[in-house]
There are 2 protein chains.
Amino acid sequence: MKEGPDIAQIGALIGDPARANMLAALTGGRALTATELAGVGGITVQTASTHLAKLEAGGLLIQRKQGRHRYFTLADEAVARLIESMMGFAAGRGHLRHQPGPKEPALRKARICYDHLAGDYGVRMLDSLIASGAIDAVGDGLVLTEKGESELKCIGIDVSDLRSSRRPLCRSCLDWSERRAHLAGSLGKALLSNFLDKGWARRTAESRSILFSPEGDRQFLRLFPVDA
Amino acid sequence: MKEGPDIAQIGALIGDPARANMLAALTGGRALTATELAGVGGITVQTASTHLAKLEAGGLLIQRKQGRHRYFTLADEAVARLIESMMGFAAGRGHLRHQPGPKEPALRKARICYDHLAGDYGVRMLDSLIASGAIDAVGDGLVLTEKGESELKCIGIDVSDLRSSRRPLCRSCLDWSERRAHLAGSLGKALLSNFLDKGWARRTAESRSILFSPEGDRQFLRLFPVDA
DNA sequence: TTCATAGTTCGATCGTAACCGAAGCATCGC
DNA sequence: GCGATGCTTCGGTTACGATCGAACTATGAA
């Protein structure tokens, strides 16, 4: 039969634990060096090098040389969405990691998903935006309302800038920890950048989790109440 | 490290060519026996049996015993969506099958995607529904309009029946051959069933392709014109 | 120049999983 | 009961790929 595109190739690429860990780490959006990726994969640099070459040949990664470092990133947003969707799927099937580990709670509270906010806070934000009428959930899509647009302007986000990009403004992204949708798209990215710029939150060095400051936490919860 | 769900497990399950072929075949929505699946995988029944056991243990497949046959199907629609999304991704990266084969054209024209219409005709149908105002494409979601609902009633589809199901009415699904969206969800299913019931088209025995009769072809093109 | 760091390539080992033949169950038709 | 069919389990072979040590290339620093 051999019908359609070859999913076995990319399945096999993702199917190795070391490679899967590297890809998951890169879903954090940050460019990482080969040595760092060897660390997250739990393997030596030699092995990591061959893995990275395969991932690059498969079109999942791109590398950028900078001095004697090589920075690897996911090839594009489509790869990030694929990985995230597989995580959502795996979480739904109970294919979870054996030991949750100490960083799990922080990761579940707030983490970065390629370039936008995910985890409990990400889901909460979208719920609140929908409840307040800033975003309409229509079918399985999301649309920004006029009301929402003016509210965003108040917190310093100019939506007309975002519209000029080819990327969709609002996109819903399934959250693997919450098993519900959070906000992706260029607006999702802009909101997270906004929080980081304001100093409400910051990214951690080696993890995908996002740490809110006490003040940032307060502001965030005020801005996105649960029962709005 | 070791953040989040284990995508390596399902990646590895899909990563074997024989298993990938079986899964792709099952995306046709039809239940297949172990022997049939061995055929599409290009392996003996013994080997297929072990593969199927692994896929079942991984939650991707379910089996139903019926007499001395065992019928395998995808576990649920989420699996079908995962496979289809991986196909779309793979097609975009150029991970195509080596030789297109003789059945390719028919497959590209019209095929079944779990339970709804895909391929050129699937994409054309959605485009036409949007152009005529029966469906609104809003954000990256799809909504049926009142006008669309009454038009559907004319061709014999009662939307209120569909609404009662928990499954979303309209969903967009990326088509790997056309690289554009077609209509999924319970409405997508209902439309395809409608065509099959009317005798406009029929499913083929061993492939995912859908064959339109000359009359059905005429009716379909009349109902969903390109420049409506 | 020399040394140190980052990364790749080579070579060899090792483990696992895919594979099939043969035997073993289960179900159907007779 | 019998044989035939559909499928699974067992045993043994084979092949591929993940892994690492060691050697090699490249960039940067002193």
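**View 1. H4(B) gives the most to the surface near DNA strand C, with four residues.** The model is predicted. Helix H4 (45-57) of chain B shares this surface with three elements of chain A. These are helix H3 (34-41), helix H4 (45-57) and strand E3 (69-74). Each of the elements named supplies at least two residues.

**View 2. Residues from chains A and B surround DNA strand C.** There are 19 residues around the strand. From chain A, Thr35(A) and Ser49(A) are among those that come nearest. From chain B, Gln46(B), His51(B) and Lys54(B) belong to that nearest group. By class, the surface near the strand holds ten polar, seven charged and two nonpolar residues.

**View 3. The backbone side of DNA strand C, with Ser49(A) at a phosphate.** Of the strand atoms within 4 Å of the protein, 73% belong to sugar or phosphate. The rest belong to bases. A polar side-chain atom of Ser49(A) lies 2.5 Å from a phosphate oxygen of DNA strand C. Ser49(A) is also one of the residues that come nearest to the strand.

**View 4. Base contacts of DNA strand C, with Gln46(B) and Arg68(A).** In the side chain of Gln46(B), an N or O atom is 2.5 Å from a base nitrogen of DNA strand C. Gln46(B) is among the residues that come nearest to the strand. For Arg68(A), a polar side-chain atom lies 3.2 Å from a base oxygen of DNA strand C.

**View 5. The two domains of chain A.** Domain 1 spans 7-75, and domain 2 spans 104-223. Taken over C-alpha atoms, the centres of domain 1 and domain 2 of chain A are 27 Å apart. Eight residues of domain 1 are in contact with eight residues of domain 2.

**View 6. The area buried between domain 1 and domain 2 of chain A.** Together the two domains bury about 640 Å². Carbon and sulfur atoms carry 44% of that area. On domain 1, Thr27(A), Gly28(A) and Arg30(A) supply 63% of the area that this domain buries against domain 2. No other three residues supply as much.

**View 7. Polar contacts between domain 1 and domain 2 of chain A.** Three residue pairs are in polar contact, with both residues at pLDDT 80 or more. The side of domain 1 that touches domain 2 has three nonpolar, three polar and two charged residues. The count of salt bridges between the two domains is zero.

Terms used
Residues are numbered from 1 along each chain as its sequence is written. Chains are lettered from A and ligands numbered from 1 in the order in which they are written. This is a predicted model: local features need pLDDT of at least 70, side-chain atom pairs count only at pLDDT 80 or more; totals for chains, interfaces and linings use all residues. Side-chain values use heavy atoms; hydrogens and water are left out. A residue is near a molecule or strand if one of its heavy atoms lies within 4 Å of it. A polar contact is a pair of N or O atoms within 3.5 Å; within protein, one must be able to donate a hydrogen and the other to accept it, and residues adjacent in sequence count only if both atoms are side-chain atoms. Ala, Val, Leu, Ile, Met, Phe, Trp, Tyr, Cys and Pro count as nonpolar, Asp, Glu, Lys and Arg as charged, and the others, Gly among them, as polar. Domain bounds come from an automatic or database domain assignment. Contact means heavy atoms within 4.5 Å. Buried area is the accessible area (1.4 Å probe) that two parts lose on being put together, summed over both. A salt bridge is a side-chain nitrogen of Lys or Arg within 4 Å of a carboxyl oxygen of Asp or Glu.
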